[in-house]
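The following exercises ask the reader to work from strand pairing to the overall dimensions of a chain. Each task is followed by a stepwise solution.

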Amino acid sequence: MANPEVHHLFHHPIADHSFSADRQTLAVARDNNVELYQRSGKGFVLQDELRGHDKQVTGVDIAPTSGKIVTCSQDRNAYVWEPSSNGTWKPTLVLLRINRAATSVRWSPSETKFAVGSGARLIAICYFESENDWWVSKHLKKPIRSTITSIAWHPNSVLLAGGSTDGHARVWSSFVKGVDERPEASVWGERLPFNTVCGEYLNSTAGWVHGCAFSPSGDALAFCAHDSSITVVYPSTPEQPPKAVISISTQLLPFVDLLWSSESEIIAAGYDCEAYRFSVNPSSIYLTGSLEKAKAGRPSLADGREDSAFNMFKQMDLKGKGAKDDTVLKTVHQNTVNTVRVYEETGGEVARLSTSGVDGRVVVWTL
């Protein structure tokens, strides 16, 4: 595997990031703003800033085809940014109608709408109303009982998955008449009016769900929770129990985000500061390794996590806390990984992915 492409943009947490379709523009959520970086040689240089939010920006997404940028923030607002003729970005306020912070945002694959998760126990499905020339929203509410931490679109742009701090991962229909084409029947359902709950799943400890993702075909759903587990659901037919629900509880720190690199592999990353690969099928899921090459002095996955923790404290005791390398991790990321996103696809599978985190780094990995 090729060496990762590391872009250390600043010494500050990155809440979310998104690349443009040509991978020449990088949008990064930092504090109250979104910084836009342009590719320059092997690195990125700051080109512009999107200023409009007055609290922490929690989500950013660049639409691959139109190039429009959507942002959301703890200020309870979302903006759609479009490039104007004079080279600046023009924001349009979205009518979210929420009374708590917005937590995440993603364009649908069709780019006709986007979803905004929130702390108001709802997901806002936003679409453009041409008669009034503004972005409006409809709310997915039932049966959400707490903050939405993550959202993920099905390939058909109608089904939406969401993870919540109530311990559930759910799949809803977000069908909007006049905006969406009626989707083909799938394992999730046939007739799908707005707010139809197509699936509701709980992990074994009811821990917070941090991240969720549909498989490339859309026929399976994976989610990671705060108990360091990953659960994969293979539905059977509408209104019937799933064909399979498989889960793995790891000895690693909890994962924050995940994606499917193919129908049989999941990449997850989080508080362990590195990304891990999992092989998955309807009968089993197991950890196959890390995206990083093992380095000298760094425990391999073959070591038990308890043994490696024991050795770490033993080394700290031998070296003393003032040792120079105590603050430098052996991993590429030096703090929690917040976001894992597809960077490049080849033949329907992910060839490269990008991660960003609390250490101010955006890293591109080749699979």
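**Exercise 1.** Determine how far strand β12 is enclosed, and describe its pairing with β11 and β13.

*Solution.* Step 1: Strand β12 spans residues 123-129, and 5 of these 7 residues are buried, so the strand is largely enclosed by the rest of the structure. Buried means under 20% relative accessible area, with exposed over 50% and partly exposed in between (1.4 Å probe, protein chains only). Strands are DSSP runs of E with at least two residues, and helices are runs of H or I with at least four, numbered from the N terminus. The model is predicted: local features need pLDDT of at least 70 and side-chain atom pairs count only at pLDDT 80 or more, while totals for chains, interfaces and linings use all residues. Residues are numbered from 1 along each chain as its sequence is written, and side-chain values use heavy atoms, leaving out hydrogens and water.

Step 2: β11 (residues 113-118) pairs with β12 in the antiparallel sense over 5 bridges; two strands count as paired if DSSP finds at least two bridges between them. Within this pair, G117 has I123 as its bridge partner. The hairpin of β11 and β12 has 4 residues between the strands, and R121 in the turn has a positive phi of about 60°.

Step 3: Strand β13 (residues 134-140) is joined to β12 by 7 bridges, again antiparallel. Here F128 is bridged to W135. This hairpin also has 4 residues between its strands, with D133 in the turn at a positive phi of about 55°.

**Exercise 2.** Establish the strand order of the open sheet that contains β3 and β4, and identify its edges.

*Solution.* Step 1: The 4 strands follow the order β2-β3-β4-β5, with antiparallel pairing. Step 2: β2 (17-19) and β5 (43-50) are the edge strands, each pairing on one side only. Step 3: Neighbouring strands are turned by 25° against each other on average, direction ignored; the axes are lines fitted to C-alpha atoms, for helices over the stretch in contact, and angles run from 0 to 180 degrees between N-to-C directions. Step 4: β3 (residues 25-30) and β4 (residues 33-40) are joined by 6 bridges, one partnership being that of A27 with L36 in β4.

**Exercise 3.** Which residues have the most contacts inside the largest nonpolar core?

*Solution.* Step 1: A nonpolar core is a set of buried Ala, Val, Leu, Ile, Met, Phe, Trp, Tyr and Cys residues joined through side-chain atoms within 4.5 Å. Step 2: The largest has 20 residues, and I230, V232, W260 and F278 have the most contacts inside it. Step 3: β19 (221-225), β20 (229-234), β21 (244-249), β22 (255-262), β23 (265-270) and β24 (275-281) each supply at least two of its residues. Step 4: Another core, of 18 residues, lies apart from it and includes A63, V70, A78 and F114.

**Exercise 4.** Characterise the chain as a whole.

*Solution.* Step 1: The chain has 1 helix and 28 strands. Step 2: Its radius of gyration is 20 Å, close to the 21 Å that the globule rule gives for 367 residues, so the chain is as compact as a globular protein of that length. The radius is taken over C-alpha atoms, and the rule is 2.2 Å times the number of residues to the power 0.38. Step 3: Buried residues make up 51% of the 367.
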